[in-house]
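Here are a few notes to help you find your way around this model. Have a look at it first, then read on.

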Amino acid sequence: MTDATPWWKKAVIYQIYPRSFQDSNGDGIGDIPGIISRLPYLEKLGIDAIWLSPVYRSPQDDNGYDISDYQDIDPIFGTLSDMDRLIAEAGKRGIRIIMDLVLNHSSDEHPWFLEAKKSRDNPFHDYYIWRDGDGIHPPDETKASFGGSAWEWVPGVGQYYFHQFSVKQPDLNWKNPRLRSALYSMIRWWTQRGIRGFRLDVVDHLGKDPDLGIKVNGPMLHPYLREMRLQAFSDPGLVTVGEAWSADTDSAKLYSNPDGSELSMVFQFDHMKLDQRPEGDKWDLVPPDFIALKQIFTKWQRGLSGCGWNSLFWENHDLPRSISHLADDGEYRIPSAKMLAILLHGMQGTPYVYQGEELGMTNAWDFTLEEYQDIEIRNMIREKRAAGLPDEEILRRVRSKGRDNARTPMQWDAGPQAGFSSGTPWLRVNPNYREINAASQVDRPGSVFECYRTLIRLRKELPVFTDGTYVPLLEDHEKLFAYRRRDSGSELLVICNFSAGCTENPLAAETAEGELLVCSYESAGQPSVLRPYEARMYLKTRDLGKDEANE
Ligand code: GLC
Ligand code: CA
């Protein structure tokens with residue numbers, strides 16, 4: 001690691017879903033003043049930057065991912081001056097603010113779209129994607145990600161517009177250079193206000209070509225990113241993160257080329273796709289294959305080493321809670337939560353912590369179908385009912401995979417509404433808040449929070465976290481996930497028991513030589529046995545002569 005290493009290669013980023021983080025005025029919706037009041041908590045955790053899900057002015061059809069004014073803050077979240085204060089207050093604590101940039105689509109209430117749908121010769125018409133038609137037969141069969149046709153008829157212009165997501169999220173026409181340059185100048189406006197980075201929503205969609213049936217990875221995608229890098233992201237201190245569900249290691253090398261020509265890093269989901277039948281949709285669930293999970297991590301750790309940069313995450317606002325999904329949110333909730341943290345945070349890349357993950361928050365198992373608010377879930381319920389799927393089965397799927405699982409309010413303390421709001425929260429608080437909350441974990445040795453805090457500190461202290469090579473171990477083992485990281489002077493060894501039973505530790509002789517840095521249990525166990533969901537991370541100073549002889 002040299003002085004020239006960009007800050008974000010050593011950083012840990014914390015994602016805030018503003019609606020659900022902290023409400024300051026009792027309207028039941030989290031807001032920017034609420035975030036400011038919780039900065040001491042984030043400083044204690046030790047994170048370097050906050051990725052803020054959208055707070056721009058928005059009709060909130062998709063909770064802010066439908067923007068009607070990119071240069072203002074939605075009144076439910078606060079004002080522009082609240083935002084300036086957040087940037088300044090976070091800055092004083094060494095925390096940078098990363099904004100979510102939704103450039104694939106705007107809201108249908110954005111002034112651009114209101115103009116665009118007035119007439120075919122309106123100067124803004126070409127900011128969106130239109131096709132002629134008869135109002136009965138959409139141009140093609142393309143489906144929107146939130147259900148229904150991706151084409152919506154506008155009688156006034158006698159054309160359909162394209163929307164990859166909801167009907168209130170018309171896709172922007174990136175082929176139009178005036179549109180691109182308007183977006184770049186908006187981005188520069190935010191960087192001048194002190195924003196230090198951007199997370200680019202569904203970035204792989206930007207070069208789409210509906211005529212050719214290309215939704216992602218269109219031929220112009222990477223040229224657009226290079227243009228945007230030059231015109232909007234020229235400040236070398238910015239971090240840029242591309243959300244790309246379609247990325248593979250080859251495209252990731254382009255997105256995150258160390259020459260800085262496109263973005264800083266890619267945010268890809270290969271490790272999160274194992275729970276769905278390949279030919280099905282995201283609701284068509286199968287048990288994830290553990291060996292495949294290990295192979296995916298190995299592929300990405302090796303594939304980008306020295307030639308790209310990856311994000312490390314288990315959770316975000318679109319995914320279920322990780323311990324509910326991949327480990328155990330019941331009897332072994334605490335070791336499970338720490339195990340997933342230790343496993344991920346020992347790898348190469350930039351770790352992300354999604355609000356509440358550092359407390360071991362779980363899915364909401366007791367919601368009824370009526371309680372879900374998410375547009376994706378609501379549309380899915382309608383479609384699956386129409387297809388004849390029984391409610392019971394719909395509920396089972398939503399409870400395990402629905403996005404609202406991770407959007408329940410942050411659990412701050414054991415008081416009313418978990419300390420989130422003095423009013424009625426927009427989405428119900430998970431009833432387990434009396435047991436799982438920040439107040440009972442901060443400064444408590446052995447808590448999930450303290451484990452995250454330790455891992456974040458270790459990443460800053462030990463360069464092997466950032467630079468070390470990755471060597472998978474026990475690749476065919478059905479229960480253990482183990483790997484080694486190595487740099488010139490030291491070696492990390494991570495071993496995790498992904499099971500609810502005790503498992504013999506085949507690496508006991510090796511681990512005996514290391515210093516135990518962190519473990520998912522408080523009490524010392526037996527070196528030769530791993531307890532349920534036990535994870536251990538060891539540090540060894542390398543004996544160079546011996547290692548070379550072995551390699
Ligand atoms: C991204 C966001 C998701 C949103 C979608 C459309 O995947 O993370 O929350 O619904 O894009 O903007
Ligand atoms: Ca509020």
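1. Start with ligand 1: 14 residues surround it, and Asp62, Asp201, Glu243, His317 and Asp318 come nearest. Here a residue is near a molecule if one of its heavy atoms lies within 4 Å of it.

2. Before going further, please keep in mind that this is a predicted model, where local features need pLDDT of at least 70, side-chain atom pairs count only at pLDDT 80 or more, and totals for chains, interfaces and linings use all residues. Residues are numbered from 1 along each chain as its sequence is written, chains are lettered from A and ligands numbered from 1 in the order in which they are written, and side-chain values use heavy atoms, with hydrogens and water left out.

3. Which side chains place a polar atom close to an oxygen atom of ligand 1? Asp62 does so at 2.5 Å, Glu243 at 2.9 Å and Arg199 at 3.0 Å. Taken alone, ligand 1 exposes 310 Å², and the protein buries 97% of that (Shrake-Rupley method, 1.4 Å probe).

4. By class, the shell around ligand 1 holds seven charged residues, four nonpolar and three polar.

5. Now turn to the calcium ion (ligand 2). Its protein donors are Asp23 (OD), Asn25 (OD1), Asp27 (OD), Ile29 (O) and Asp31 (OD), lying 2.3 to 2.4 Å from it. Donors are N, O and S atoms within 2.8 Å of the metal (3.2 Å for Na, K and Ca); water is not among the atoms, so sites may look incomplete. In sequence the donor residues follow the spacing D-x1-N-x1-D-x1-I-x1-D.

6. Is Ile29 buried or exposed? Ile29 is buried, with a relative accessible area of 14%, while Asp27 is partly exposed at 36% (buried is under 20%, exposed over 50%, partly exposed in between; 1.4 Å probe, protein chains only).

Methods: Polar contact = N/O pair within 3.5 Å; in protein donor to acceptor, adjacent residues only side chain to side chain. Nonpolar A, V, L, I, M, F, W, Y, C, P; charged D, E, K, R; others polar.
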